[in-house]
Amino acid sequence: MTTSPARHSPSVATQRVRIGELLRDWRERRRLTQEQLGELVSCSQSKIAKIEGGDCGLKYVDLDTIVGALELPAEVAAELREMNGVNSSLRLRDEHRATTSPTWFRDMPAFERDATRIRSWTGERISGLLHAEGYMLAQYTAYGYDNVDEPMQDRWERQKVFDLNPRCRFEFLLSESAIDRLVHSLCPHIAADQLTHMLWLIDNYDTVTIRLVPYLAIVYVDPDYTILEFEPGTRDFVYTENLHNSPRAYAEDLLCYERSWDALAEAAMDPARTREVLADRRSPLTD
């Protein structure tokens, strides 16, 4: 499936990151520490760190106070104000998602909509972006959700990213064992449906690549992580998932995950061989 790229409006989450990077850059130009800037604008060093990291939003009055303290040029101040006021409808939607998704995850769908390349290693798990409806429902039921409607809807909204962000390359690596766990631990029809869905994504989106890392690969298997790349102006980062949060890493730490990805990718099956394996695992389930 080939889609013509449309005009792209950055999400609230990405705008927060860009605002933070600009403010950090100008703070450093003014030779101020985070603590010193915090004293100038009457807030804590930790709050300045969160603003610069894109982890919290800014009220208009707070942004103007920081703009004044840093004595920013008029054109820079105007750019910051424009970014801070962008996409009010997206802001409302993301605030709703925050009520139905874990706090650490609420910005990730927005970052996925803005990325130009996403590389996901999920080991023995299947990435949420690849979930079929039946498999999705089985996961939420197993986790004990009393009401699966809202998380299911959130997951479906997230998966629209393949159409909403046609500029992005989506690359998924997972262990061959993830497929065998799927086949042997779920009802045959759910497993078959999940494999069919993955094959459909491969066949219908030329932006999606799925590759399996075989059992025999001699490679150190790192915990799950996802690397997101963006257009110039927003820093690339990697995030790792656990039950309580999703820490991000930049710069030097990101290089470690880049090396891990390269090793896994070198050991992985090529896309054509992966497709054959997925089809072979599905075949006995549909007989």
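## A look at helix α14 and its neighbours

L173 stands opposite R211 in strand β3. That's a handy place to start in this predicted model. The strand that pairs with β3 is β2, residues 169-175. The two run parallel, and 6 bridges join them. As for β3 itself, it covers residues 208-213 and is mostly tucked away, with 5 of its 6 residues buried.

Now for helix α14, which also has a link to β3. The helix takes in residues 271-286, 16 in total. From first C-alpha to last it reaches 23 Å, close to the 22 Å you'd expect at 1.5 Å a residue. At its N-terminal end sits a cap, D270: one of its side-chain oxygens lies 3.1 Å from the backbone nitrogen of A272.

Which residues of α14 are buried? They are T274, V277, L278 and L285. Looking down the axis of α14, you'd see these buried residues fall within an arc of 95 degrees, so they line one face of the helix. They pack against α11 (176-185), α12 (188-204) and β3. Turn to the face pointing away from that buried side, and you'll meet the exposed residues A272, P284 and T286.

Finally, the cysteines. A search of the whole structure turns up 0 disulfides. Two cysteines sit in rather unlike surroundings, as their relative accessible areas show:

| Cysteine | Relative accessible area | Class |
|---|---|---|
| C43 | 28% | partly exposed |
| C168 | 0% | buried |

C168 counts as buried because its 0% is under the 20% cut-off. C43, at 28%, lands in the partly exposed class because that value lies between 20% and 50%.

Notes: Residues numbered from 1 in each chain as written. Predicted model: local features only at pLDDT ≥ 70, side-chain atom pairs only at ≥ 80, totals over all residues. Heavy atoms only, no water. Disulfide = S-S within 2.5 Å. Buried < 20%, exposed > 50% of the residue type's maximum accessible area, 1.4 Å probe, protein only. Helix = DSSP H or I, 4+ residues; strand = E, 2+ residues; numbered from the N terminus. Pairing = 2+ DSSP bridges. Expected span 1.5 Å × (residues − 1). Arc of directions from axis to C-beta. Contact = heavy atoms within 4.5 Å. Polar contact = N/O pair within 3.5 Å; in protein donor to acceptor, adjacent residues only side chain to side chain.
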